[in-house]
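Trainee: I've just opened this model and don't know where to look. Please give me a close look at how the inside is packed, and at whatever sits around it.

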Amino acid sequence: MANTYDFGLVGLGVMGRNFILNVADNGFTAFGNDLDEEKVNALIAEGGNTDKVNATTDAAEFVAGLTSPRKIMLLVPAGKVVDIVIDSLLPHLDKGDIIIDGGNSFFTDTDRREAYLKEKGINFFGAGVSGGAKGARKGPSIMPGGSREAYQYVKPIFEAVSAKYNGEPCVTYLGPKSAGNYVKMVHNGIEYGLMQLTSEIYDLLKKAGNLTNEELHETYAQWNAGRLQSFLVEITSEIFEQKDELSDGHLVDKILDKAKQKGTGKWTSQNAMDLGIPVPTIDVAVSMREISALKDERIKADELYDRPNVESVVKASLVSKAEQALYFAFIITYAQGMHQLADASKEYGYELELGEIAKIWRAGCIIRAALLADITEAFQADESLQNLLLSPSFVEKVKETVGAARELVAFGAANGIPLPGLSNALTYFDAYTSSRLPLNLIQAQRDYFGSHTYERLDRDGIFHTEWEE
């Protein structure tokens, strides 16, 4: 078995098993490793007991079975488990071998691991993988970053297994160090924002328009056939069709309204604050998951306060405005995420090309959408584009839809229907497009109580006033 397999993968859960079978389907031999013998046997059985794919519980046997330089991908839970797996592999590796972390590791952990392994002559890079279990099997979007030289050994495999958009693989080398894990983190932050927005619009259509689940299915399916075409809108339309197997009615109405999270959205929000980049739509999406967890408190509060009677509306008009508002808010969410990537690239030396990132998100990943083709073109047309809202190709798209967003935010406020994602998207837009904000008053306040100084509009320099005199 020595030096037989092209690619190795540690972690044969659903994602790992599907990814390694994808590798085997695309002309490469693959060797899996997991401590769980059942998972090892499941992979061997599903692989058809062929020479293309095999697996073992033994780390030494696993490493010995790979061609040099060894290309080993980890699809294990982020955190200490990654370090434990790395340390278990190290005694068996040779200089020049490659370890790829395919999980959602925090980007600073990736930098630490890269430095640690570099001292030992081992190449390490993070590669975000998006698309869920189905994507791993049929073609995910892959976001690798690290050693450019080491990536060349993995490139043929990643390009073969990735999703394709008009024949182009949804993978590209993104940049040095933790660029791959960072891009995947922001991808997930955008995902949080888009999911929050789709759920808010559903709530609005149900409470104000009294749309049935069948009507909601038809509405989202129709939107998915137009400019809102995206994975999340597509699966949302399908969710409304699902009947409950345990009782009467539709499953969506039986699911508890408490959303969980694994932390990547929170990391995006926290790091944006560290960088000084505003991502309020993503921020509030994280906050709403936290509010949703307060179910018992929300029930008590609901009993204490009155809510306005929802105005009757023309259903067709509401659906039309909802489509426009959702499209507007999708643009704003992508704009915020891309802005964060641009700033992080400068701060951390990633050398990111935003057009290339949007390009590999066009298929395979959870945030894939027709809109990403337009975003790709916008950043390819102007590589120094500071914000998507400054792109000439997006100005008309926003102008055409922002009015509907204003109407629905006002309607939601008047009728007690929470629309925090849409509201924050609109507020961000209004603030970003305002040449004059009231922050001059905040600077005056800071100088008044803390002598923090201020700048002036009419002359250069730093000024301080003795206000109390």
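Mentor: Let's start with a word we'll need: contact, or touching, means heavy atoms within 4.5 Å. What you see is a predicted model, in which local features need pLDDT of at least 70 and side-chain atom pairs count only at pLDDT 80 or more, while totals for chains, interfaces and linings use all residues. Residues are numbered from 1 along each chain as its sequence is written, and side-chain values use heavy atoms, with hydrogens and water left out.

Now find leucine 341. Not counting residues up to four places away in sequence, leucine 341 touches Tyr182, Val183, Val186, Leu352, Leu354, Ile357 and Trp361. Leu341 and Trp361 also turn up on a short list: together with Leu205, Trp223 and Ile375, they have the most contacts inside the largest nonpolar core, a group of 84 residues. (Such a core is a set of buried Ala, Val, Leu, Ile, Met, Phe, Trp, Tyr and Cys residues joined through side-chain atoms within 4.5 Å; buried is under 20% relative accessible area, exposed over 50%, partly exposed in between, with a 1.4 Å probe and protein chains only.) Helix α14, residues 315-348, gives the most to this core, with 17 residues. (Helices, H or I, have at least four residues and strands, E, at least two; both are DSSP runs numbered from the N terminus.) Another core lies apart from that one; it has 32 residues, including Ala24, Ile44, Ile142 and Ile157.

Helix α14 comes up again when you look at α10, residues 231-239. In α10, the buried residues are Phe231, Leu232, Val233, Thr236 and Ser237. Their cover includes α14, along with α8 and α9 (213-224).

What about the cysteines? A search of the whole structure turns up zero disulfides, a disulfide being a pair of cysteine sulfur atoms within 2.5 Å. For cysteine 170, the nearest cysteine sulfur belongs to cysteine 365 and is 7.4 Å away, and cysteine 170 is in no disulfide. Turn it around and cysteine 365 has the sulfur of cysteine 170 as its nearest, again 7.4 Å away. Cysteine 170 counts as buried because its relative accessibility is 1%, and cysteine 365 counts as buried too, at 0%.

Next come the loops. Alanine 370 sits in the one between α15 (354-360) and α16 (371-381). At 31% relative accessible area, alanine 370 is partly exposed. Leaving aside neighbours within four places in sequence, alanine 370 is in contact with Arg227 and Gln229. Glutamine 229 is 141 residues away along the chain, but the two C-alpha atoms are separated by 5.5 Å.

Two loops next to α8 have an unusual backbone angle to check. Lysine 177, in the loop between β9 (168-169) and α8, has a positive phi of about 55° although it is not a glycine. Lysine 177 is partly exposed, at 33% relative accessibility. Asparagine 210 belongs to the loop between α8 and α9, and its phi, near 55°, is also positive in a residue other than glycine. With 57% relative accessibility, asparagine 210 counts as exposed.

One last stop is the loop between α3 (59-64) and β4 (71-74), where you'll find proline 69. Serine 68 and proline 69 are joined by a cis peptide bond, with omega about -10°.
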